[in-house]
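Trainee: I have a model open and would like to go through it with you. Can we start with the metals?

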Amino acid sequence: MSEALSKYLEAGRIAVKLKEEAKKIAKINVLLVDICERLEFLAFELGAKPAFPVNIGVNEITAHFTSPANDVRKIPENSIVKFDIGVHIEGYIADTAMTLSFNQDYQDLIISAQDALQNGINAMKPGVKVSHVGAIIEKAITRFGYRPIRNLMGHRIERFNLHTGKSIPNISGIEGGTIEEGEIYAVEPFSTLQDAAGMVRDSNETVIFRYHKDRRLKSQDAMALLEYIKKEHRFLPFASRWLRSKFSYPSFDNIFEQLIKSRCIIPYRVLVEASGLPVSQAEHTVIVEKDGCRIIT
Ligand code: MN
Ligand code: MN
C-alpha cells in the first residue's frame, strides 16, 4: 500500500471515531463550543490534526459555522444538527458529516441525505460524469419528497487542499467533467424541505478563515500572526477561536482585522438555508478505484 493511501485510511478511521464521539456527547442543551473543542482535541489525541474547525449546523445553519470563543449557543430542543468533521495526517484529509435529530419529524430528512450519498457513491467510478452523480443524488432526495440544496457541492480533495478541481453537484444539469481513477472526493448531499428555497445564502456571521496571500504589513505583530497561520494551517480553514486561545494580547482583534482587510486571510461566511428551513447533510470521503469507490470515512 502506498504511504499516501495508508495516511488517507488512517485519517478516515480517526474521522469516524470523532463522529462516534459526537453521537455520544451531543445532547439537548449541551454547549456547541464544548462539542467543537472536545472533538478537535480528540483528533490530536488520536494522532491527527483538524483539517478544518468542527462545523456544527443547527437547523437552517448549513455550512461554515463553528463556535467562536465564549459562544453560549447550545443544542436546542426539537432541532436537527449537522456535524461536519475533517482531520488530516500530514495533509491527507478525510472530510465527513452526519446529521442528528432531536425531533422525530426530521428523521426522514436525514435518511434522504444518507440515501442520496450512498446512491451517489455507488454510481461513481472512472469514466462516469460528475453530472450523472448529481442527477442520481437529486433523484434520491426528491423520491423522499425533499429538495436538495442546489448551490452546495461535493469536491475533490488533494494533499493540504480541501476543495480543489472538480465538484460533485447535488442536482442534475451541472456539467463538470469526468471522474478518474485515483482521485479523492468528498461527496456531500444536503437535503431540505420541499417548500424551502433549496439554496444557501450568506449570513452576517464569520467564524472560519483561511490564508490567502502574503502582503507586507506595517505591524510586526500582524506579520507574525500571518506567518503563524501559514505555517500551522497552510491553505486549510481555521477558526478565529483557535488563534484567540494562543494569542491573548489585547490588540489581537485589531491585528486579526488587519489581516482580513489586507486580504492576507479570507473569511468564509456562515451559510444558511435561504428560506430559513432545516437542512440535513451526509458526507463521506471516497477514493476512486478501478471498479468503484472505497469509502474511507
Ligand atoms: Mn465536510
Ligand atoms: Mn466537504
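Mentor: First the rule for metal sites: donors are N, O and S atoms within 2.8 Å of the metal (3.2 Å for Na, K and Ca), and since water is not among the atoms, sites may look incomplete. This is a predicted model, where local features need pLDDT of at least 70 and side-chain atom pairs count only at pLDDT 80 or more, while totals for chains, interfaces and linings use all residues; side-chain values use heavy atoms, with hydrogens and water left out. Residues are numbered from 1 along each chain as its sequence is written, and chains are lettered from A and ligands numbered from 1 in the order in which they are written.

Trainee: OK. How far apart are the manganese ion (ligand 2) and the manganese ion (ligand 1), and which residue coordinates both?

Mentor: They are 3.1 Å apart, and Asp95 coordinates both.

Trainee: What else coordinates the manganese ion (ligand 2)?

Mentor: Besides Asp95 (OD), its donors are His155 (NE2), Glu188 (OE) and Glu283 (OE), at 2.1 to 2.2 Å. Along the chain these donors follow the spacing D-x59-H-x32-E-x94-E.

Trainee: Where do Asp95 and Glu283 sit in the chain?

Mentor: Asp95 is in strand S5, and Glu283 is in the loop between S14 and strand S15 (284–288), so to speak of distant parts of the chain is fair: they are 188 residues apart. Helices (H or I, at least four residues) and strands (E, at least two) are DSSP runs, numbered from the N terminus.

Trainee: And which donors does the manganese ion (ligand 1) have?

Mentor: Asp84 gives two OD contacts, and Asp95 (OD) and Glu283 (OE) complete the list, at 2.1 to 2.4 Å. The sequence spacing for this ion is D-x10-D-x187-E. Asp84 lies in strand S4 (residues 80–89) and Asp95 in strand S5 (residues 92–101), so this pair ties together parts that are 11 residues apart in sequence.

Trainee: Are Asp84, Asp95 and Glu283 buried or exposed?

Mentor: Buried means under 20% relative accessible area, exposed over 50%, and partly exposed in between (1.4 Å probe, protein chains only). Asp84 counts as buried because its relative accessibility is 11%. Asp95 is buried at 3%, and Glu283 is buried at 0%.

Trainee: Switching to sheets. What is the strand order in the open sheet with S10?

Mentor: The order is S6-S10-S14, with antiparallel pairing of the 3 strands. Strand S6 (147–148) and strand S14 (279–281) are the edge strands, each pairing on one side only. Two strands pair if DSSP finds at least two bridges between them.

Trainee: How many bridges join S10 and S14?

Mentor: Strand S10 (residues 190–192) pairs with S14 over 3 bridges. Within that pairing, Ser191 stands opposite Ser280.

Trainee: What about the core? Which residues touch the most other members?

Mentor: Leu18, Ile56, Phe83 and Val87 do, in the largest nonpolar core, which has 45 residues. Such a core is a set of buried Ala, Val, Leu, Ile, Met, Phe, Trp, Tyr and Cys residues joined through side-chain atoms within 4.5 Å. Elements that each supply at least two residues include helix H1 (3–25), helix H2 (32–45), strand S2 (55–58) and strand S13 (265–273). H1 gives the most, with 7 residues.

Trainee: Now rings. How many aromatic pairs are there?

Mentor: There are 8. Rings of Phe, Tyr and Trp (its six-membered ring) pair if their centres lie within 6.5 Å; planes under 30 degrees apart count as stacked, over 60 as edge-to-face and the rest as tilted. Tyr211 and Phe235 form a tilted pair, 5.3 Å centre to centre with 55° between the planes. Tyr211 is in strand S11 (residues 200–211) and Phe235 in the loop between helix H5 (220–233) and strand S12 (238–239), 24 residues apart.

Trainee: How accessible are Tyr211 and Phe235?

Mentor: Tyr211 is buried at 8% relative accessibility, whereas Phe235 is partly exposed at 45%.

Trainee: What kind of pair do Phe247 and Tyr249 form?

Mentor: That pair is edge-to-face, with 6.1 Å between centres and 70° between the planes. Phe247 is buried at 18%, and Tyr249 is partly exposed at 26%. Both belong to a cluster linked by ring pairs, along with Phe209, Tyr228, Phe238, Phe252 and Phe256.
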